[in-house]
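Reader: I'd like to go through this model with you and ask how each label was earned. Could you set the values against the cut-offs as we go?

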Amino acid sequence: MGKAKVYYIKENSLAKKAGINIGDEICSINGKPVEDILDYKFYSTEEKVEILLKTKEGEKKVYIEKDFDEDLGIGFKNPIIDTIKVCKNRCIFCFVDQMPKGLRPSLYVKDDDYRLSFLKGTYITLTNLTLQDKKKIYEMHLSPLYISVHATDIKIRNFLLGVENGLNILECLEEFKENGINFHTQIVLCPGINDKEVLKKTIEDLTGLYPAILSIAVVPVGLTRFRENLFPLRDFTSKEAFEVIKLIQNFQKYNLRKFGKRLVFAADEFYEKASLNFPSYKTYEDFAQWENGVGMVSLLRHQIRCYKKRLPGKLLKRRHVTIVTGFSGYQILANELAFMKDIENLRLGIKAVKNSFFGESVTVAGLITGTDIISQLKDEDLGDEVLIPSVMVNEGKFLDDVTVEQVSKNLNTPFKVVPVNGKALLNSIINIRSGGRTWDLQQP
C-alpha cells in the first residue's frame, strides 16, 4: 500500500496556506483513509475538509474551507500513490512480450489498473478486479472506463488472455451497466481466432449493452519481429481486412437506425491493409477512440483541409523543412500536403522511416525509434528543421531511450515535436514566427 506523502505544493495554494509541508503524509481526509489518488481526489472535493497528517513532529490536523472541487495544490511523486495493479494474464498477442530486452523498465510494466483506466484512458481486462475494487468503482462512480474485451465467448477470451478460468466479461459489463458505469471497449483482432463469426457475436453482445457502452474499437493485432517461443500469429490479409470493414459497416448502419450512433469502428490500419479509402470525418462522430488509432487519419485530413485555406501564398524568407513519419503516414501526408509545393519560398520534404527495430511489418509512426531515424537519414538533406509527431516520443525519448536531442545532434538538424493535429502541423511547417504573423483558428 502506497503512502500519500506530499511531494510538491503549489505556491499560494490552499495546502500551502494551511501549513501543509513537503514530506507530510496524508493519512485521512474527513475521516476517510487515503490509500490511492482516487481517495485523495474524491474526498478532497468537499467544501470543508479535515486532513489528518503525519509529520516529522507527529500527527496534526488541518482544516480547510474552499469551493467545491477546488484544488488543494498538492502533488505526489507516484501519480496514483498506491502501487500499480499489473496484468496477470498471458495474452497471446501481448505487445510487451514482443519487445527486446534492454529498454527502459517502464516499457515492460503490464498495466491493468482500473484507476488509470478512469484517469488516463488506459485499457484494462478486469481479470484482477476485486470486490473491493468494484465497490470503489460504484461508490465513486468511476465512469467511463476503458475495457479490453476481445471476445465475449468465455472460452475464446480465456484462450486469448492465456488464462484457464477467466471471468465472464459480458456478465461483468452488464453489472457495470446496472450500477451506472459507462465504458469504451476494444477488440484486438487475431485472424483465425476471434474474427468472422466470433467477432460478429462479440459486437452483437456489446451492442446490447447500449447506452452504457459508448464505443467499440476493432484493432488488428500488432506483431513485431521478437516473437520467438510465442504463440504463432500472423497479420491480416487484404481480403480479411476488407471483410472486417464490411462487417463493421453493416453494424454501423444497423446501429445508426436503432440508436442514432454507429458505436463500432475499425482501426485505420484495416483500411490501409484493405487498400480502401478512409471514411469521412463525420463517420467517427466524437472520435472517442482516436488515441487507439481509430479515425486519426480522417481527423488529421479534415483539420489540414480546414486550415490550409488560411495559409500564405509566400513566405517572407526561404524555408526547407522535413517531416519524418512511418510508412502508414507517409502517403497520407504526401497527398494532403501536396498543395504546399505552390507556396513560394517553401520546400517541404516527407521521409518514411522503415522500422528495422521492431520489424518492417510495424509501420506506425508511434513505434519508430531514434536509432532507425539516425541510421536511415544520416546522409539526407533534411533542411532547416525536422518535424516529428508527438506519438513518437515520451518525455523527450524514443522507445529505444534515444533522446530527441541526441537524434538532432547526430543529424545536425534541429528537431521539433509536433502534436498530431492539422493546425499544429501546418503552423510548424510554415513556421509562423519567422513570418511575423499568427493564426487564430478554432478546432473544427
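Reader: To start, where is Tyr8 placed?

Author: Tyr8 sits in strand β1, residues 8–9. Helices (H or I, at least four residues) and strands (E, at least two) are DSSP runs, numbered from the N terminus. Before we go on: this is a predicted model, so local features need pLDDT of at least 70, side-chain atom pairs count only at pLDDT 80 or more, and totals for chains, interfaces and linings use all residues. Residues are numbered from 1 along each chain as its sequence is written, and side-chain values use heavy atoms, with hydrogens and water left out.

Reader: What makes Tyr8 partly exposed?

Author: Its relative accessible area is 42%. Buried means under 20%, exposed over 50%, and partly exposed in between (1.4 Å probe, protein chains only), so Tyr8 gets the middle label.

Reader: Which residues form a nonpolar patch with Tyr8?

Author: Tyr7 and Ile22 join Tyr8 there, and together the three have about 350 Å² of accessible area. Patch members need over 30% relative accessible area and no salt bridge; nonpolar side chains (Val, Leu, Ile, Met, Phe, Trp, Tyr) are joined within 5 Å, like charges within 9 Å. The areas come from the Shrake-Rupley method with a 1.4 Å probe, and for residues only the protein chains shown count as cover.

Reader: How many disulfides are there, then?

Author: Zero. A disulfide is a pair of cysteine sulfur atoms within 2.5 Å. For Cys91 the nearest cysteine sulfur, that of Cys87, is 5.1 Å away, so Cys91 is in no disulfide. Cys190 is in none either: the nearest cysteine sulfur, that of Cys91, is 9.3 Å away.

Reader: Are those two cysteines, Cys91 and Cys190, buried or exposed?

Author: Cys91 has 14% relative accessibility and counts as buried. Cys190 is buried too, at 0%.

Reader: What makes a set of residues a nonpolar core?

Author: The members are buried Ala, Val, Leu, Ile, Met, Phe, Trp, Tyr and Cys residues joined through side-chain atoms within 4.5 Å. The largest such core has 97 residues, and Ile26, Tyr40, Ile51, Ile147, Leu173, Phe176 and Phe270 have the most contacts inside it. Helix α8 (residues 238–259) gives the most to this core, with six residues. Apart from it lies another core of 20 residues, including Leu315 and Ile430.

Reader: And which residues does Ile26 touch?

Author: Among them are Ala4, Val34, Tyr40, Ile51 and Phe76, leaving out residues up to four places away in sequence. Contact means heavy atoms within 4.5 Å.

Reader: How do you know that Glu175 and Lys134 form a salt bridge?

Author: Their closest N and O atoms are 3.3 Å apart. The rule asks for a side-chain nitrogen of Lys or Arg within 4 Å of a carboxyl oxygen of Asp or Glu, so the pair qualifies. It links distant parts of the chain: Glu175 is in helix α6 (residues 169–178) and Lys134 in helix α4 (residues 131–139), 41 residues apart. Glu175, at 27%, counts as partly exposed, while Lys134, at 16%, counts as buried. By this rule the count comes to 21 salt bridges.

Reader: Why are Lys201 and Asp205 said to be about one helical turn apart?

Author: Because they are four residues apart in helix α7 (residues 196–207). An α-helix has 3.6 residues a turn, so residues three or four places apart point the same way. The two side chains meet in a salt bridge at 2.9 Å, N to O.

Reader: What sets Asn12 apart in its backbone?

Author: Asn12 has a positive phi of about 60° although it is not a glycine. Most residues other than glycine have a negative phi, and most peptide bonds are trans. Asn12 is exposed, at 64%, and lies in the loop between β1 and α1 (14–17). Leu263 also has a positive phi, about 70°, but counts as buried, at 1%.

Reader: Which residues does a cis peptide bond join, with omega about 5°?

Author: Ser143 and Pro144. A cis bond also joins Tyr210 and Pro211, where omega is about 10°.
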